Structure formats: structure tokens, C-alpha cells
Amino acid sequence: MPDQGGNCMRCGACCATYPVLFAPEELDSRPGGWVPTALTETIYSRCVHMQGTAHSPRRCVALQGTVGEEVRCTIYGQRPSPCREFAAEADAGHGDARCADARRLHGLPPLKGSYDAFPIG
Ligand code: SF4
Ligand code: SF4
């Protein structure tokens, strides 16, 4: 979820679809880190997951609300780098293939501007 504004606040699909994996250096238990360690789990030795995203059905522990209706990332300012980099133009209405796939999985149409967007219904 790159956007704490319109599109993503009514979506949240990516946060309930993909593994959210990142380097342990981003954990707040490390010097200079910022992601709340208590909300993560370590499955592999060189990276950590946000809890809830390692196995299907996925839903990040930090996601609040109902996907496709109203959601919020409860650690928005402390979210890990994959969340910051994901579909970075979604707030401007431009999704990408992964954003579109996540939305489709949750019964939502791709954002206008998704390069693989196709009409639904
Ligand atoms: S799937 Fe796309 S529109 Fe939905 S929250 Fe993620 S980036 Fe935003
Ligand atoms: S940390 Fe926030 S933005 Fe990242 S997957 Fe979880 S709820 Fe979504």
C-alpha cells in the first residue's frame, strides 16, 4: 500500500495478497531500523516477513479494515520498503500488473492506468 489517500484506502488488496519480505536491517530492533519488530516473523535467516503474509491466505497483521471497502495501514509511517515501492503511482490512479492482479483476486477492477487493465463485467 503506497498511498494513504483515495485508491488504497478503499482497497488494501496487495496487503492481503502478497508476501511482504524485507531485510532485517529495517526492523526497529536494529540501529536505524523503523519497522515494528513485534509485527514480523522470521522464517528465513536473511529476511523477515510481516506477520500474516508468509502463507496463504495472506493478510498483513498491520492492515485494519475491510479489503475493498475501507482500510488503513496501522504502521503507515513505519511500513517496510516493499510497501513503499509497491505500485508507487496508485495514488495518482495508475496501478501496475501486480496491483491489478491483487485487486482482481479480491473482486476489484484494476485501476485506470494499469497497463494490463481490462474491462470487467
Ligand atoms: S492493490 Fe493497488 S490500489 Fe490496492 S492498496 Fe495495493 S497499491 Fe493500492
Ligand atoms: S505494513 Fe502496511 S502497507 Fe505493508 S502490507 Fe502491511 S498493511 Fe500493507
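# Two ligand sites, a sheet and a few unusual angles

Author: The space taken by ligand 1 is the largest cavity. This is a predicted model, in which local features need pLDDT of at least 70, side-chain atom pairs count only at pLDDT 80 or more, and totals for chains, interfaces and linings use all residues, while side-chain values use heavy atoms and leave out hydrogens and water. Residues are numbered from 1 along each chain as its sequence is written, and chains are lettered from A and ligands numbered from 1 in the order in which they are written.

Reader: Why is the space taken by ligand 1 called a cavity, and what does the term require?

Author: On a 1 Å grid over the protein atoms alone, a cavity is a set of points where a 1.4 Å probe fits but cannot get out, whereas a pocket is an open set with protein on both sides within 12 Å along at least five of seven lines; lining residues have an atom within 4 Å of a point. A molecule sits in either one if more than half of its atoms lie within 2 Å of its grid points. The space taken by ligand 1 is the largest cavity, and the search of the whole structure finds 1 cavity of 30 Å³ or more. The largest cavity has a volume of about 100 Å³, a volume being the space filled by probe spheres set on the points, which are joined across faces, edges and corners. Of the 14 residues that line the largest cavity, Cys8, Cys11, Cys14, Cys99 and Arg103 are the closest to its centre. Two elements, α1 (6-9) and α3, each give two or more residues to this lining, and α3 gives the most, with 3 residues.

Reader: What makes the shell around ligand 1 divide as it does into nonpolar, polar and charged residues?

Author: Ala, Val, Leu, Ile, Met, Phe, Trp, Tyr, Cys and Pro count as nonpolar, Asp, Glu, Lys and Arg as charged, and the others, Gly among them, as polar. The residues that surround ligand 1 (each with a heavy atom within 4 Å of it) include Pro2, Cys8, Gly12, Phe86, Ala87 and Arg103. By these classes the shell has 9 nonpolar, 1 polar and 1 charged residues.

Reader: Where does ligand 2 sit, and how do its surroundings divide by class?

Author: Ligand 2 sits in the largest pocket, which holds about 260 Å³ of space. The largest pocket is lined by 19 residues, with Met1, Cys14, Val20, Pro82 and Cys83 nearest its centre, and the lining divides into 17 nonpolar, no polar and 2 charged residues. Ligand 2 itself is surrounded by residues including Met1, Val20, Cys60, Ile75 and Cys83, and its shell has 10 nonpolar, no polar and no charged residues.

Reader: Why do phenylalanine 86 and alanine 87 count as buried or exposed?

Author: Buried means under 20% relative accessible area and exposed over 50%, with partly exposed in between (1.4 Å probe, protein chains only). Phenylalanine 86 is at 10% relative accessibility and therefore counts as buried, and alanine 87, at 6%, also counts as buried. Phenylalanine 86 lies in the loop between α2 (81-85) and α3 (97-105), where alanine 87 is found as well.

Reader: What is notable about phi of alanine 87?

Author: Most residues other than glycine have a negative phi, and most peptide bonds are trans. Phi of alanine 87 is near 40°, a positive value in a residue other than glycine. The peptide bond from serine 56 to proline 57 is cis, with omega near -5°.

Reader: How do you know which strands are the edge strands?

Author: Strands are DSSP runs of E with at least two residues, and helices are runs of H or I with at least four, numbered from the N terminus; two strands pair if DSSP finds at least two bridges between them. The open sheet has 3 strands in the order β1-β3-β2, with antiparallel pairing. Its edge strands are β1 (21-22) and β2 (40-44), each of which pairs on one side only. Between β2 and β3 (residues 47-50) there are 3 bridges, which satisfies the definition of a pair.

Reader: Which side chains of β5 point to which face?

Author: Along β5 (residues 70-73) the side chains alternate, with Val71 and Cys73 buried on one face, while Glu70 and Arg72 point to the other and are not buried. Strand β5 runs antiparallel to β4 (residues 63-66), joined to it by 4 bridges.
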